[in-house]
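Colleague: I'd like to learn how to read salt bridges in a model. Please take me through it slowly.

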Amino acid sequence: MGLFSSLFGGGAKKAEEVNDANAQALKQFFREKLPANYVNSPKYAISITRGDKGYEARINLDMGSDGSDYSGFGKDDFAGLADMESGYVFDEFVKDPPVTVIVTFDMDFGPRNRITVNKGRALAK
């Protein structure tokens, strides 16, 4: 298999998290700009990688961090709420990052209810 993987590329590579000055600046930017209930949650996580089009941030947001209860919600409810809330967070809090970044949110509503939303590109100031 070694020969074939070297000849044919061996499949897609997983993006590696970067830890350069720009990645650190992005992490600090998100920590300062996102609402405190998200960044202070134990579920908050951020990963910065380099993609084909520059920096990419994947951010896990704990949707219950403000005390919200989603026990009566169905799958369609979660999808709609994830889209609405991620749009609000992106539009209100992800303005003028230190470098241009593509933002993806993992909206964590609790066990088995995690919705990934690709919000798009935020342009550097």
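Modeller: Let's start with one residue: Lys27 has a relative accessible area of 22%, so it counts as partly exposed. On this scale, buried means under 20% relative accessible area, exposed means over 50%, and partly exposed is in between (1.4 Å probe, protein chains only). Keep in mind that this is a predicted model, where local features need pLDDT of at least 70 and side-chain atom pairs count only at pLDDT 80 or more, while totals for chains, interfaces and linings use all residues. Residues are numbered from 1 along each chain as its sequence is written, and side-chain values use heavy atoms, leaving out hydrogens and water.

Colleague: Which residue forms a salt bridge with Lys27?

Modeller: The general idea first: side chains of opposite charge can pair when their charged atoms come close. We call it a salt bridge when a side-chain nitrogen of Lys or Arg is within 4 Å of a carboxyl oxygen of Asp or Glu. Here, the partner of Lys27 is Glu17, with 2.8 Å between the closest N and O atoms. Glu17 sits in the loop between α1 (2-8) and α2 (21-33) and Lys27 in helix α2, so the pair ties together parts 10 residues apart in sequence. Helices (H or I, at least four residues) and strands (E, at least two) are DSSP runs, numbered from the N terminus.

Colleague: How many salt bridges are there in the whole structure?

Modeller: Four. One of them joins Asp106 and Arg58, at 2.7 Å from N to O. Asp106 belongs to strand β3 and Arg58 to strand β2, so this pair links parts 48 residues apart in sequence.

Colleague: Is Asp106 buried or exposed?

Modeller: Buried, at 7% relative accessible area, whereas Arg58 is partly exposed at 41%.
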